Amino acid sequence: MTGKPLVLDADGTLLRTDMLLEGIWKGLGTDPAAVFKALPLISDRAAFKAEIARIAPLRVDLLPVHEDVAALALTAREQGREVAIASASDISYVAPLAEHYGIDRVFASQDGVNLKGQAKADALVAAYGEAGFDYAGNDKSDRKIWDHADHAVVVGHAGGGAKGLASVTQLDGGWSPRAVLKSMRPHQWVKNVLLFLPMIAAHAFFLETFLAVGLGIVSFSAAASCIYIVNDLLDIEADRLHVKKCKRPFAAGTVPIPIGVLTCLILGLIALGVGAALSVQMFLVVAFYMALSLAYSMRLKRLRWIDIAVLASLYTLRVVAGAAASGVDASVFMLIFIFPIFITLGCVKRMTELALAKDDNPLPGRGYARGDMGDLLNMSAIGMVGALVIFFLYSYSDQALGLYPDQWLLWVALLPIAAWLYRMVRLGYMGRMDYDPIVFALSDMRGLGYLLITLSLMFYAAGLWSEWYGRLLG
């Protein structure tokens with residue numbers, strides 16, 4: 001390294017993210033119409049970047065920083081060297097970033113000039129002279145700047161753009177497949193066991209039914225992961241303000257936004273393709289689930305109470321998908337029964353978030369504050385009572401009388417159902433569970449005990465235990 005000025009690229013170099021892409025996704029979350037109106041400007045990159053910056057100003061203090069580059073800049077300042085930032089992002093993003101980190105000089109896109117590649121090289125040579133500066137970059141397009149710099153700092157592989165340079169400092173960068181997998185939230189796939197409910201309720205315990213539902217779970221898992229990525233990209237700034245969500249890959253900058261978009265597209269194609277292979281009905285359910293989830297991510301989750309109703313609908317759609325995948329008819333009573341349960345769990349999810357919040361301010365990206373805890377508790381109680389009443393009424397239906405000869409055991413099953421729902425509401429109100437109640441429920445041993453007791457009672461009521469035991473004895 002020399003004693004000459006150190007010039008840092010911003011996107012992908014000083015920052016583990018790209019400010020233009022951050023602005024686009026933030027704009028899609030806050031004012032999608034404005035973003036779409038700006039798209040015709042994309043042929044004029046400088047004008048497009050300026051418009052996106054106007055639509056979606058960023059919290060530069062929240063943007064993830066590449067620690068090695070930041071340390072390099074600090075060392076340069078301690079050595080008395082000038083530290084500058086030269087970015088193709090709009091000046092309205094870059095200037096606050098430079099001010100926040102105490103950077104001496106700013107070069108950025110402005111006044112109709114897109115400061116990238118040769119344009120950036122010309123600006124730096126005009127300011128510092130040929131080979132009068134060191135430059136840190138991460139992209140193949142940075143080769144045009146490195147050719148005029150005295151020393152190159154290369155972050156990641158730079159698309160091979162640093163090949164053949166004589167004076168190079170190499171820093172780690174890029175992303176890992178493990179981080180991409182984390183962005184897909186595979187731990188959430190466990191929620192798709194709900195697809196088995198129609199099969200279990202109809203006592204359709206056949207290998208072909210099981211395999212069909214398994215493929216349905218693959219389709220729904222891909223669909224859910226696709227929307228999780230979209231949700232995280234839309235919520236990226238709000239996630240950085242959250243005590244736990246700040247560690248998500250896009251918020252932390254461990255997965256680049258373009259990689260996330262590509263992964264999202266692949267997952268969407270898998271979801272719709274597998275759904276179409278199962279049946280037209282399954283394809284339509286998956287497509288509707290993805291559309292409703294997208295609407296939830298972009299707008300509906302910010303609307304009080306509507307967000308909980310949509311959450312309950314998304315959970316219920318998993319049960320409908322199980323019926324569509326297996327060809328088993330979903331009982332209307334079952335759908336009416338599980339919807340208030342999911343209303344309760346939606347309230348539990350919000351109560352958990354509020355109980356774990358650091359202050360009384362509204363949840364980032366949501367319409368709830370701690371003052372809403374009482375209303376959420378009341379709504380969860382209404383959902384709980386409603387589910388129990390509907391289950392009791394179901395026990396008198398023709399379908400129930402046909403499937404469960406010992407009707408009284410269904411009434412007994414109300415007790416563990418009530419105990420499980422009460423436990424979920426209580427733990428959520430106290431903030432003693434995971435942010436997702438379904439994921440928590442499938443790992444909570446006591447709660448699983450209540451559910452297994454319920455399932456056993458229903459099997460006894462149907463005479464299935466006796467039938468299976470008889471088959472076992474031959």
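The paragraphs below move through this predicted model from its cysteines to a buried arginine, then to two residues with unusual backbone angles, and finally to a pair of helices.

The cysteines are a convenient place to start, since the structure holds zero disulfides. For C264 the reason can be read from a distance: its sulfur lies 3.2 Å from the closest cysteine sulfur, which belongs to C226, and this is too far for a bond, because a disulfide requires the two sulfur atoms to be within 2.5 Å. C264 is also buried, with a relative accessibility of 12%. Another cysteine, C347, has a relative accessible area of 0% and therefore counts as buried as well.

A charged side chain can be followed next. R81 is found in the loop that runs between helix α4 (67-78) and strand β2 (83-90), and with a relative accessible area of 6% this arginine is buried. Its side chain has a partner in the model, for a polar contact of 2.8 Å joins it to the side chain of D134.

Two further loop residues deserve attention for their backbone. A131, although it is not a glycine, has a positive phi of about 60°, and its place is in the loop between α6 (118-128) and β4 (134-137). With 24% relative accessibility, A131 counts as partly exposed, because the buried class is reserved for values under 20%. R185 likewise is not a glycine and has a positive phi, here of about 50°. This arginine sits in the loop between α8 (177-183) and α9 (197-201), where its relative accessible area of 9% makes it buried.

The last stop is a pairing of helices. How do the axes of α16 and α19 lie with respect to each other? The axes of α16 (residues 332-355) and α19 (residues 407-430) come within 6 Å and cross at roughly 25°, so that α16 is roughly parallel to α19, given that angles under 35 degrees fall into that class. On the α16 side, the contact is made by F337, I341, T344, L345, V348, M351, T352 and A355, while α19 contributes I417, W420, L421, M424, V425, G428, Y429 and M430. Sorted by class, the residues of this contact comprise 13 nonpolar and three polar ones, with no charged residues.

Terms used
Residues numbered from 1 in each chain as written. Predicted model: local features only at pLDDT ≥ 70, side-chain atom pairs only at ≥ 80, totals over all residues. Heavy atoms only, no water. Buried < 20%, exposed > 50% of the residue type's maximum accessible area, 1.4 Å probe, protein only. Helix = DSSP H or I, 4+ residues; strand = E, 2+ residues; numbered from the N terminus. Polar contact = N/O pair within 3.5 Å; in protein donor to acceptor, adjacent residues only side chain to side chain. Axes fitted to C-alpha atoms, helices over the stretch in contact; angles between N-to-C directions. Parallel < 35°, antiparallel > 145°, perpendicular 65-115°, else oblique. Contact = heavy atoms within 4.5 Å. Nonpolar A, V, L, I, M, F, W, Y, C, P; charged D, E, K, R; others polar.
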